[in-house]
Amino acid sequence: MNRQPPDRDLDLLLAELETRQRGEAPRPGALVERETQRVRIPVGGELPRSAALLDRIYAGDFVAREKKPMVVDTRRSWGPYMVSVDPHPLVILDACSQIATLTHGFAHPGIIKALYDGRFHACLWSNPDTAVHHAPEVAEYAEALRRVGPPSLDHVAFVGAGGAEANEKALRIARLHAPPPVGGVARKRVLAFRDGFHGRTLSTLMATWNPAKRGPFEIAGYEAIFAETNLASVQRALDEHHAELYAVIVEPMMAEGGDVHLGRQFLLGLLQAVRARKLPLIVDEVQTGFATGGPFFWWQRLGLGGDKATSPDLMTCAKKANLGVVLSRWPDPEVNQISVASALRGLIQLESAHEQGHLEAMLQKRVKALAAAFPEIGKPRVAGTTFAFDLADNAQQNAFINQRYQRGFMTYGAGSSTIRFRLSASWGRRHLDDLFARVSEDLSRLQDPSATAWPSEAPNHKKHHDFDIREVEEGDWPAILEIENASYEAARRDSLEYLRGSAEAGLGLVAVDRASRAILGFCFGGPVEHYSGVSGPAQDDRFGLHDSFYSADITVSAAARSRGIGRALKRAQVRWAARQGFRFITGRNRVGATGSMAALNASFGAFHVVRLERQYEGNAQADYYRIPLGPPPDPPARELATEQRVDLASGLQQPFGPAPRFMAARELVGPVASRLNLSNYATIDVVHYIEHLRLLAPRGTAHAYFTSSRDETVDKSLRCLRLSRPDAQIAVGLDGGYVGHVTAAARSISDPAGFGPDFGFFPWPRLPHPAIAGVEATIAALDALVAEVGAGRLFGLFAEVIGERSGLVLEGEAAAALADACRRHDLPLCLVETASGTYRGGAGAWGVDRLPASVRPDLVLWYPGGQLGHIFASDRYYIAKPLTLISTWDGDELSMIRVHEHLRAARHLTSIPAAADALAELLRRSLVERFPGASLGGAGLYRTVSFPDPAVATAIQHVCSRRGLFFGVGRPGTLIAAPPLDVQGPSLVTTVRSMLDPLIDDIAARGIG
């Protein structure tokens, strides 16, 4: 194996960086206080820590300068309040819910509860490979979607990223079920609509109306046909273009086009017209699904989808679904890898989506009042969690948007003049009244040149605390009882005996005025087990575990309220309970009577456990809550003695196995429970990851873009190249190559062997692979292609360093000769590092490290698993213009944290070369030498075994998986071995051979192969 010497200078830089970053990183389980009360705008809008962190992101122009000015602290954000990381933070109302991604705003209580209940055990620290193993979370999600979906949509497909990929998958399925070609001419176009938006991958962009977004990236002959949103226009388009069309796609509410609400009559007529032509109809509910419009799907809001006759053929979701979802009449012909944690987040949001239902009535009243106060706004409209209105023109739209931070809220424009809002279940009357007051001020100052000046609101200087907190003393009881009796009706008063018992069993604190020494407030509580006769603790499923503290009573005298006493008492109680080793604080809040106390508890991380009925002498309800005092529990360790299982299939998704211990050092609650749109915002974890990548960027590259999946790296890279090569129409791949199978572009570059029918979409060529045909044949084919179509018509050559499905390796002189040929033709060389990156190739962080120095790629595509993809770009092909190359979410923060730790841990491994040699020898002796014609492929810790008869590979894979030995599946006849990076060679050989050899003997005895 070609092993490069370690770069000691880089080792030192990475070590120094890690030391600094570890000191800055949020600590797991650290006690933080969320903002649950109000907007805060620092003096002058100054965000010094945010600005410093953004400067670190943008250093060296590594990434485009497109993030919003606040770096978000997901640990302190809650519900509608988005909080910056600054000492005096900017706190604003997120009135777009991360562009319709959050059903409950930040810190979804159901997700936090699931984290602490262990529901994320199988998918928090690493991502299971859903192409290899059954994921119960995903199966449960699919079943839940079938229950809420229209009848006849019996099949559910998931894809890795968001709306664009969901629509790409829907288009793929639709094309398989389109009418046959007319006159032998393939159907290559879709019918879409003016003002529609369907994504930023190539096929979805071509179905997107906005010419500025769509125009630069169209592929000739595949452009969509656009109709107006009236039936006469639809009928004309169908009459004129029916033979060219394979699907029709429509949004029932056109969000990006300006929140255009389409009517029931039009959509029903569209469905009937399309069905008469036997064309599949795709309903795009990427923004509108998951009860955004009231019912679970907007289609249902219009009274459609209640029966098979009014159900579309396919329906897509993303955003609140947390990944791409397709509900379909027909099955998906391919298996897709997805982020299981994101699927579980989506399932939890599905389970709680109905909790958004209270918003529409409250919004109708306030929007009506807003329109009366500002008659100049046009077409005010409300549906479910959404409202929107139109301004006079784009200039007014910009004037409104340019004030949003200064006014203390966040939303977006749409179309040419629309302002749109997306709220969540966390919004109550108080939040709505605050938002509409701020919107009103914004509207009143559209012509005011000083409107963008920053006001100061709720300054963050600490109040002077003129009271002390101490433990209760005997002489305090008369004052305590006086405050208790004055504060509560008889049914809610606690007795002296109850309070004394709490103090003796646990803790009693009082707040004392420093001047008068009067008792101002108090708090009591003790172990849950002390309250066996109290509703709530008595039913707590943690009763008997002795790890939960029950907050029995926190009360502040009426005269002393608004002095911060309640918060100080709660803070003292939380800190004491944490010091005593409790894992949780629990308590009750009476529904409708303790809103401020519920908000206070939420600020310390409380999440809802259960609603208690017939409380306080049977006259009320109470919400039983739980406050975590530490990180979620670690995933349970797998006992090897009771479960023999060797996974050689999941190494790309799980580079360090199912539960790497180093993940315990990372705080994950904020990133998981508060899904952030990373195309707009950064967090401290994002900053740290980008700093690491800047030092580690592959040879020849100095810039990076992010995506949310493997396929998106392909489409975004093509968009990137197209901006520098405006005549490009054709991407070039290699035989056996694989870059994805969801988007039309990725399928058209990848080798179709082993996939479903009509796999490719664009007729793009593949060159013979130099490992099979020899580099001379590859270069001759490239020269012939350039001579035929011209280099300017080509996007570039996409080549894997190690073939993920084929095991074909681009090596040494062949790689150098191919790189030279690309330079000679001025053709971009795009290397794919999915199977060779993360140090798996055995020679460095990247597979390109093992290639000659003359190989300097123009782009490097890398998918490390989960919901994250990367494109590294050279100076020549880097597009620095902000927002030009954004995509769905631009990755996922949880995936970034995991990959960051994978890179850190992998760099310290010295065992990879020896383990790689052991893996190769194992496969050679146990498989290659046992089956005539079998061959070993791949490199490093990514190896393949290919058999002349695909049935042999299938038999081996099936028999082994039933016995707990898992191989990945590549091209027909190819098995993949990609173990965890920290595998030890000797133990790997011993364990696998003890399992594999008897199975191979059995297969051979049956005459297979």
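In this predicted model, the contacts of Pro380 reach beyond its immediate sequence neighbours. Leaving aside residues within four places in sequence, Pro380 touches Val367, Ala371, Ala388 and Phe389. Pro380 belongs to strand E12, which covers residues 378-383. Its relative accessible area is 37%. Pro380 therefore counts as partly exposed, since that class lies between the 20% limit for buried and the 50% limit for exposed. Thr418 lies 38 residues away from Pro380 along the chain, and the two C-alpha atoms are 9.8 Å apart.

Strand E20 (residues 548-556) is mostly covered. Of its 9 residues, 9 are buried. E20 pairs with two strands considered here. With strand E19 (residues 519-527), the pairing is antiparallel and runs over 7 bridges. Within that pairing, Phe522 faces Thr555 of E20. With E21, the pairing is parallel and runs over 4 bridges. Here Tyr550 has Thr586 in E21 as its bridge partner. In a regular strand, side chains alternate between the two faces of the sheet.

E21 also takes part in an aromatic contact. Across the whole structure, a search returns 34 aromatic pairs. One of them joins Tyr116 and Phe584 in an edge-to-face arrangement, with 5.9 Å between centres and 75 degrees between planes. Tyr116 sits in helix H4 (residues 109-117), whereas Phe584 sits in strand E21 (residues 584-590). The pair therefore ties together parts that lie 468 residues apart in sequence. Tyr116 and Phe584 are both buried.

Tyr246 and Phe761 form an aromatic pair that is likewise edge-to-face. Their centres are 5.8 Å apart, and their planes meet at 65 degrees. Tyr246 is part of strand E6 (residues 245-250). Phe761 lies in the loop between helix H24 (744-749) and strand E27 (766-767), so this pair links parts 515 residues apart in sequence. Both Tyr246 and Phe761 are buried. They also belong to one aromatic cluster, together with Tyr222, Phe762, Trp764 and Phe795.

Aromatic rings also meet charged side chains. The charged end of Arg214 sits over the ring of Trp209, at 5.8 Å from its centre. Arg675 lies over the face of Trp889, 3.9 Å from the ring centre.

An open sheet of 5 strands follows the order E24-E34-E35-E33-E32. Its pairing is mixed. Strand E24 (646-648) and strand E32 (935-939) are the edges, each pairing on one side only. From one strand to the next, the twist averages 30 degrees. E24 pairs with strand E34 (residues 965-969) in the parallel sense, over 3 bridges. Val646 stands opposite Leu965 of E34.

Helix H29 (residues 912-926) lies across E32, strand E33 (942-946), E34 and strand E35 (974-977). H29 runs at about 10 degrees to E33. The helix has 15 residues, which at 1.5 Å a residue should span 21 Å. Its end C-alpha atoms are 21 Å apart, so the model agrees with the expected span. The buried residues of H29 include Ile912, Ala915, Ala916, Ala918 and Leu919. Ala920, Leu922, Leu923 and Ser926 are buried as well. Their cover includes E32, E33, E34 and E35, along with helix H31 (985-1005).

Helix H27 (residues 812-824) gives a comparable check on length. Its 13 residues should span 18 Å at 1.5 Å a residue. The end C-alpha atoms are 19 Å apart, which agrees. Buried in H27 are Ala815, Ala816, Leu818, Ala819, Ala821 and Cys822. Helix H26 (775-789), strand E28 (794-800) and strand E29 (829-832) are among the elements that cover these residues. After H27 comes Asp826, with a positive phi near 55 degrees.

Note on methods. Residues are numbered from 1 along each chain as its sequence is written. This is a predicted model: local features need pLDDT of at least 70, side-chain atom pairs count only at pLDDT 80 or more; totals for chains, interfaces and linings use all residues. Side-chain values use heavy atoms; hydrogens and water are left out. Two strands pair if DSSP finds at least two bridges between them. Axes are lines fitted to C-alpha atoms, for helices over the stretch in contact, and angles run from 0 to 180 degrees between N-to-C directions. Contact means heavy atoms within 4.5 Å. Rings of Phe, Tyr and Trp (its six-membered ring) pair if their centres lie within 6.5 Å; planes under 30 degrees apart count as stacked, over 60 as edge-to-face and the rest as tilted. Buried means under 20% relative accessible area, exposed over 50%, partly exposed in between (1.4 Å probe, protein chains only). A charge sits over a ring if NZ of Lys or CZ of Arg is within 6 Å of the ring centre and within 35 degrees of the ring normal. The expected span of a helix is 1.5 Å times one less than its number of residues.
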